[in-house]
Amino acid sequence: MIKVLVSLGTTRFDGLISFFDVASDNIELLFQCPKNGMQPKHWPAIDFIDDFKSKVNDYDLVITHCGAGNVYSLLERKITLCVVPNLERSDKHQLELAEYLTQNGLAYVLSLSSVAKSSTEGIIHEALAFEPNEYCPDKFFKTKEILDFFG
């Protein structure tokens, strides 16, 4: 059984829920999604995960919106992830991060239009087979100087 966490953060992303809310004998999903949006019919949903960083280790794959907090946290922890930018939002900043991830081979990235043409299980298997480049975060080395400045 493949265990998948679908994490939407605090913003509605009904299209992603619609696509992945499909019954399966081979895949077990848990949705983390806001209470004010669509809820899955075939799988359990919660609105908040208390210890997200620890909980993701229980899953073979995390499918997430392209929010910087989620994405960078998962990359730093080397979690297998599938990223889908939420273009249902009024701003399109998630698209920029998705382009960065794609250009650098850091994550399996999908758009809802490409997701709609595939099967749920197919997408999950493709994401699990994807071999990302290693993510090397830039360290911020000016902390001491800033603290010294403010004294």
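**View 1. Thr-80 is partly exposed, with a relative accessible area of 32%.** We start here in a predicted model, at a residue that belongs to the loop between H3 and E5. Setting aside neighbours within four places in sequence, look around Thr-80 for its contacts: Asp-60, Leu-61, Val-62, Ala-127 and Leu-128. For a sense of scale, Cys-66 is 14 residues away along the chain, and its C-alpha atom is separated from that of Thr-80 by 14 Å.

**View 2. Helix H3 and its cover.** This close-up turns to the helix itself, where Asn-70, Val-71, Ser-73, Leu-74 and Leu-75 are buried. What lies over these residues? The cover of the buried residues of H3 includes three strands and two helices by name: strand E1 (2–7), strand E4 (61–65) and strand E5 (81–84), together with H2 and H4. Past the helix you will find Lys-78, which follows H3 and has a positive phi, near 60°.

**View 3. Helix H3 (residues 68–76) beside helix H4 (residues 93–103).** Here the two axes come within 11 Å and cross at roughly 25°. H3 is therefore roughly parallel to H4, since angles under 35 degrees count as roughly parallel. Which side chains should you pick out in this pairing? From H3, look for Ala-68, Val-71, Tyr-72 and Leu-75; from H4, the residues they meet are Leu-97, Tyr-100 and Leu-101. Val-71 and Leu-75 will be familiar from the previous view, as both are among the buried residues of H3.

**View 4. Arg-12 and Asp-14 joined by a salt bridge.** The whole structure has two salt bridges, and this view shows the one in which the closest N and O atoms are 2.4 Å apart. Are the two partners buried or exposed? Arg-12 is partly exposed, at a relative accessible area of 40%. Asp-14 is buried, because its relative accessible area is 17% and the cut-off for buried is under 20%. Asp-14 sits in helix H1 (residues 14–20). Beyond the neighbours within four places in sequence, Asp-14 is in contact with Gly-37, Met-38 and Glu-88.

**View 5. Lys-35 and Asp-47 joined by a salt bridge.** In this pair the N to O distance is 3.9 Å. Lys-35 comes from the loop between strand E2 (27–32) and strand E3 (45–46), while Asp-47 comes from the loop between E3 and helix H2 (52–55), so the salt bridge ties together parts that are twelve residues apart in sequence. How much of each partner is accessible? Lys-35 counts as exposed, at 67% relative accessibility, and Asp-47 is partly exposed, with a relative accessible area of 37%.

**View 6. A nonpolar surface patch made by Ile-146, Phe-149 and Phe-150.** Our last stop is on the surface, where these three residues make a patch of about 400 Å². Let Phe-150 be your guide to the patch: this residue is found in helix H7 (residues 143–150). Is Phe-150 buried or exposed? With a relative accessible area of 68%, Phe-150 is exposed, because the cut-off for exposed is over 50%.

Notes:
Residues numbered from 1 in each chain as written. Predicted model: local features only at pLDDT ≥ 70, side-chain atom pairs only at ≥ 80, totals over all residues. Heavy atoms only, no water. Patch = residues over 30% accessible without salt bridge, like charges linked within 9 Å, V, L, I, M, F, W, Y side chains within 5 Å. Areas by Shrake-Rupley, 256 points an atom, 1.4 Å probe, with all protein chains shown as cover. Salt bridge = Lys/Arg side-chain N within 4 Å of Asp/Glu carboxyl O. Helix = DSSP H or I, 4+ residues; strand = E, 2+ residues; numbered from the N terminus. Buried < 20%, exposed > 50% of the residue type's maximum accessible area, 1.4 Å probe, protein only. Axes fitted to C-alpha atoms, helices over the stretch in contact; angles between N-to-C directions. Parallel < 35°, antiparallel > 145°, perpendicular 65-115°, else oblique. Contact = heavy atoms within 4.5 Å.
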